[in-house]
Amino acid sequence: MLTLIKDIDLWIKYIAENTESVISVASNGTNPKVLESLVPYVYNIIISVDSLGKGNRRKRGVDGEKIIKTVE
């Protein structure tokens, strides 16, 4: 699983099961499998979309439409 934080799913699961923390995750939405694995352990997932199409690609390196499909 490619993420900025290696094994983020294991870290989030550990924190959720061993603390009383309320966990929020911010993501660019480009890896839906990782986000799906976090759902049982987080309070919310925040998806950042700067703009659709080329605008988001310029700012974030991925089309905004791909992110919207992830959310759907």
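**Exercise 1. Place Asp 63 in the chain, and say how far Asn 44 is from it in space.**

Solution.
Step 1. Asp 63 sits in the loop that joins α3 (54-60) to α4 (64-71). The model is a predicted one.
Step 2. Check its exposure. Asp 63 has 27% relative accessibility, so it counts as partly exposed. Partly exposed covers the range between the buried limit of 20% and the exposed limit of 50%.
Step 3. Now take the distance. Asp 63 and Asn 44 are 19 residues apart in sequence, and their C-alpha atoms are 23 Å apart.

**Exercise 2. List the elements of the chain in order, and describe its overall extent.**

Solution.
Step 1. Count the elements. There are 4 helices and 2 strands.
Step 2. Read them from the N terminus: α-β-α-β-α-α.
Step 3. Take the extent. The C-alpha trace spans about 40 × 20 × 20 Å along its principal axes.
Step 4. Look at burial. The chain has 72 residues, and 24% of them count as buried.
Step 5. Turn to the surface. About 5500 Å² is exposed, with 55% of it from carbon and sulfur atoms.
Step 6. Add the contacts. Among those with a separation of 6 or more, 31% join residues 24 or more positions apart.
Step 7. Finish with charge. The chain has 10 positive and 9 negative charges, and their mean positions lie 10 Å apart.

**Exercise 3. Which residues of α1 are buried, and which are exposed on the other side?**

Solution.
Step 1. Find the buried ones. In α1 these are Ile 8, Asp 9 and Ile 12.
Step 2. Look down the helix axis. The buried residues of α1 fall within an arc of 100 degrees, so they line one face of the helix.
Step 3. Turn to the other side of α1. Leu 10, Trp 11, Tyr 14 and Glu 17 are exposed there.
Step 4. Ask what lies over the buried face. The cover includes β1 (24-27) and α2.
Step 5. Step back to the segment before α1, where Asp 7 lies. Its phi is near 60 degrees, a positive value in a residue other than glycine. Most residues other than glycine have a negative phi. With 37% relative accessibility, Asp 7 is partly exposed.

**Exercise 4. Name the members of the largest nonpolar core, and say what Val 42 touches.**

Solution.
Step 1. List the core. Its 7 residues are Ile 8, Ile 12, Ile 23, Val 25, Val 34, Leu 38 and Val 42.
Step 2. Assign them to elements. α1 (8-18) and α2 (32-38) each supply at least two residues of this core.
Step 3. Set this against a general tendency. In soluble globular proteins, nonpolar side chains tend to be buried together.
Step 4. Follow Val 42. Leaving out residues up to four places away in sequence, Val 42 touches Ile 12, Ile 23 and Val 25.

**Exercise 5. For Ser 27 and Asn 44, find the strand and the contacts of each.**

Solution.
Step 1. Start with Ser 27, in strand β1. Its relative accessible area is 16%, so Ser 27 is buried. The cut-off for buried is under 20%.
Step 2. List its contacts beyond four places in sequence. Ser 27 touches Leu 35, Ile 46, Ile 47 and Ser 48.
Step 3. Move to Asn 44, in strand β2 (residues 44-47). With 28% relative accessibility, Asn 44 counts as partly exposed.
Step 4. List its contacts in the same way. Asn 44 is in contact with Ile 23, Ser 24 and Val 25, not counting neighbours within four places in sequence.
Step 5. Check one pair. Asn 44 and Ser 24 are 20 residues apart along the chain, yet their C-alpha atoms are separated by 5.1 Å.

**Exercise 6. Where is Ser 21, and is it buried or partly exposed?**

Solution.
Step 1. Locate the residue. Ser 21 is in the loop between α1 and β1.
Step 2. Read its accessibility. The value is 41%, so Ser 21 counts as partly exposed.
Step 3. Take the distance to Ile 46. Ser 21 and Ile 46 are 25 residues apart in sequence and 17 Å apart, C-alpha to C-alpha.

Technical notes:
Residues numbered from 1 in each chain as written. Predicted model: local features only at pLDDT ≥ 70, side-chain atom pairs only at ≥ 80, totals over all residues. Heavy atoms only, no water. Buried < 20%, exposed > 50% of the residue type's maximum accessible area, 1.4 Å probe, protein only. Contact = heavy atoms within 4.5 Å. Areas by Shrake-Rupley, 256 points an atom, 1.4 Å probe, with all protein chains shown as cover. Lys, Arg positive; Asp, Glu negative; His and termini not counted. Charge placed at Lys NZ, Arg CZ, Asp CG, Glu CD. Core = buried A, V, L, I, M, F, W, Y, C linked by side-chain atoms within 4.5 Å. Arc of directions from axis to C-beta.
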